Amino acid sequence: MESGKSIGRHSESIRRFQEETEELLAELEIESEQVDELEEKYHSLKVKVESLRRHMQELGIHDLYERISQLDKEKRDLVRRITDENECIRKDEAEQARLAERLETRMGRFDEHQQAVDEALRRWNGEISLGLVTDWTDLSGAGQDKIDVFRLCKTIFHELQPSSAGRNRESVTSSLFDQFNTVRHLLMDYVLEAMVNDKTGRITVLSMRDRLRPQTPSALLGEINALITEQSDLLDEKDRQLYEEIILRSVGKTVRQRIMRAEQWIKEMNRLMAERNTSSGLKLQLQWVPKAAQSEKEMNAEQLVELLRRDARLLREDEVERMIQHFRSRIQWAKQGAQEERESLRKHIYEILDYRTWFQFNLRYKKGGETGYKELTDSKFNVMSGGEKAMSMYIPLFAATYSRYADASPEAPKIISLDEAFAGVDEENIRDLFKLLTEMDFDYMMTSQVLWGCYDTVPSLSVVEIYRPNDADFVTLFRYRWNGKRIELLQNDESAATSEE
């Protein structure tokens with residue numbers, strides 16, 4: 001049954017396929033007929049087109065068609081170019097409007113600058129016409145054009161700019177008035193006056209000695225320079241005689257004596273320091289070293305002192321001239337210092353004639369078995385022991401004080417006082433320091449927490465011990481006396497007698 005059903009289904013399918021095939025063949029036959037008709041029409045139209053083309057060629061219509069096509073293309077190109085040109089025109093018009101606005105702004109600024117230039121030229125001509133600055137007056141003639149004036153102004157600016165860099169008008173004006181007030185007192189005979197223009201702020205300084213013919217600062221400077229030259233010529237010879245009289249005779253004699261006394265003082269100090277036998281073998285020495293010259297016109301202190309030591313009558317002419325030139329240079333420095341500091345010239349003259357400023361002290365030392373002295377620098381001082389540091393300060397101090405007291409009268413007391421005396425110094429060196437004080441015949445007052453001063457180098461000593469019990473509001477004084485061998489506590493009666501003495 002199943003196989004019969006299958007055969008029936010296949011037969012039905014075959015029948016349908018046959019029917020569809022017949023229909024397709026019928027349609028194919030119809031379409032073939034249509035194709036034939038179309039081919040026949042195509043050939044017919046092709047013949048007509050060919051005939052028309054030959055006809056157009058004979059009549060020239062083809063060239064006309066080509067020309068029309070070309071013109072149509074050119075028309076499209078022209079339309080596109082017109083559109084582009086219109087866009088460019090629009091952009092150019094916008095740019096023209098923007099530039100016209102900028103031009104108007106620039107023209108306004110140009111007018112402002114032109115007015116400023118005209119005003120600057122007017123002020124320049126007014127300044128030059130005053131004739132206050134002679135350096136550029138000859139270069140600023142009336143026939144100069146603007147370019148020449150601008151070049152001259154640029155030159156002046158570059159010359160003056162370093163001295164006024166970073167300064168505003170108020171600062172310059174303040175400095176000018178300070179200088180004016182200083183100079184006015186020095187030149188009172190010339191009646192200097194400063195006048196301020198309320199409109200421009202221009203400050204004009206004039207000498208009103210003759211109010212009908214006031215003088216500018218440049219004219220006054222020329223007059224003063226001529227007067228200085230004249231006076232210098234008249235005073236050169238008298239100036240030389242004055243220097244010879246003062247420096248080589250009166251003042252020179254005093255300076256020579258003081259230098260010789262100071263050198264003797266140094267020798268005495270070195271002798272006293274050399275006699276000290278410290279526990280570490282430290283020896284000290286003081287050097288009085290001449291200073292170098294401060295300029296080519298001056299002499300160093302060593303050369304100057306050498307000439308001052310000699311008899312003025314035996315000096316050669318060139319040696320006298322060198323000394324005069326030296327002190328003349330120093331006095332010029334003194335004058336300049338007096339003007340800058342607004343002080344008395346006499347004070348500065350005293351300073352340059354102070355022989356002590358011609359030298360400097362150098363402290364030298366040696367230790368143990370060393371043969372030569374070396375300079376005691378900070379680095380050398382810092383590596384010393386505490387006792388050596390103290391000795392290197394106390395010994396020169398005592399020696400210097402002794403030398404200063406040597407100038408006093410025999411009746412004058414030689415008193416020194418020390419707080420926390422000899423702190424950090426060992427017993428042996430303290431003994432030697434007291435010996436030094438005894439040899440120098442010093443009277444002294446000392447305070448210390450531990451020092452009693454009972455050494456065999458001290459012939460006599462009064463000692464006061466201040467005793468204060470814990471938190472007490474009073475102190476008790478115990479008085480002692482050292483007689484060079486032993487110390488004794490003084491009783492109340494003896495203490496009172498000692499106090500009265």
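A residue is called buried when its relative accessible area is under 20%, exposed when that area is over 50%, and partly exposed in between. Keep that yardstick handy, as it comes up throughout this tour of a predicted model.

Let's start with the overall picture. The protein has 501 residues, and 23% of them are buried. Its secondary structure comes to 12 helices and 10 strands. The surface it exposes is about 36800 Å², with carbon and sulfur atoms supplying 53% of that. As for how the chain folds back on itself, take the contacts with a separation of 6 or more: 55% of them link residues 24 or more positions apart.

Now for the inside. Nonpolar side chains tend to be buried together in soluble globular proteins. Here, the largest nonpolar core has 54 residues, and those with the most contacts inside it are Trp 358, Tyr 394, Phe 398, Phe 422, Val 425, Leu 433 and Phe 434. Helix H5, residues 217–274, gives the largest share of this core, with 7 residues.

Two of those core names are worth a stop. Val 425 touches Gly 387, Ala 390, Met 391, Tyr 394, Ile 430 and Leu 433, leaving aside residues up to four places away in sequence. Tyr 394 and Leu 433 are also on the list of residues with the most contacts inside the core. Then there's Phe 422, which sits in the loop between strand S6 (415–419) and helix H11 (427–439). Its relative accessible area is just 2%, so Phe 422 counts as buried.

Phe 422 has a backbone quirk too. Most residues other than glycine have a negative phi. Phe 422 is not a glycine, yet its phi is positive, at about 55°. Where else does a residue other than glycine show a positive phi, near 50°? Look at Val 191, in the loop between helix H4 (169–186) and strand S1 (192–196). While Phe 422 is buried, Val 191 is partly exposed because its relative accessible area is 31%.

Next, the charged side chains. The count of salt bridges comes to 13, and three of the pairs make good stops. Begin with Glu 87 and Arg 90, whose side chains meet in a salt bridge with an N to O distance of 2.4 Å. Why are these two separated by about one helical turn? Because they are 3 residues apart in helix H2, which covers residues 61–130. Glu 87 is partly exposed because its relative accessible area is 34%, and Arg 90 is partly exposed as well, at 46%.

The second pair is Asp 318 and Arg 316, with their closest N and O atoms 3.1 Å apart. Arg 316 has 47% relative accessibility, so it counts as partly exposed. Asp 318, with a relative accessible area of 39%, is partly exposed too.

The third pair brings us back to helix H11. Asp 456 and Arg 431 form a salt bridge through their side chains, at 2.8 Å from N to O. Asp 456 lies in the loop between strand S7 (443–447) and S8, while Arg 431 is in helix H11, so this pair ties together parts that are 25 residues apart in sequence. Arg 431 is partly exposed because its relative accessible area is 27%, whereas Asp 456, at 54%, counts as exposed. Salt bridges can share partners too: Arg 316, Asp 318 and Glu 319 are joined that way into one network.

Not every nonpolar side chain is tucked away, though. Val 464, Ile 466, Val 475 and Leu 477 make a nonpolar surface patch of about 360 Å². Val 464 belongs to strand S8, residues 461–467. With a relative accessible area of 40%, Val 464 is partly exposed. Patches are made of residues with over 30% relative accessible area and no salt bridge, so the 40% of Val 464 clears the area cut-off.

Last stop, the cysteines. How many disulfides does a search of the whole structure find? The number is 0. Among the cysteines, Cys 88 is partly exposed, at 38% relative accessibility. Cys 454 also counts as partly exposed, because its relative accessibility is 26%.

Conventions
Residues numbered from 1 in each chain as written. Predicted model: local features only at pLDDT ≥ 70, side-chain atom pairs only at ≥ 80, totals over all residues. Heavy atoms only, no water. Disulfide = S-S within 2.5 Å. Buried < 20%, exposed > 50% of the residue type's maximum accessible area, 1.4 Å probe, protein only. Patch = residues over 30% accessible without salt bridge, like charges linked within 9 Å, V, L, I, M, F, W, Y side chains within 5 Å. Areas by Shrake-Rupley, 256 points an atom, 1.4 Å probe, with all protein chains shown as cover. Salt bridge = Lys/Arg side-chain N within 4 Å of Asp/Glu carboxyl O. Helix = DSSP H or I, 4+ residues; strand = E, 2+ residues; numbered from the N terminus. Core = buried A, V, L, I, M, F, W, Y, C linked by side-chain atoms within 4.5 Å. Contact = heavy atoms within 4.5 Å.
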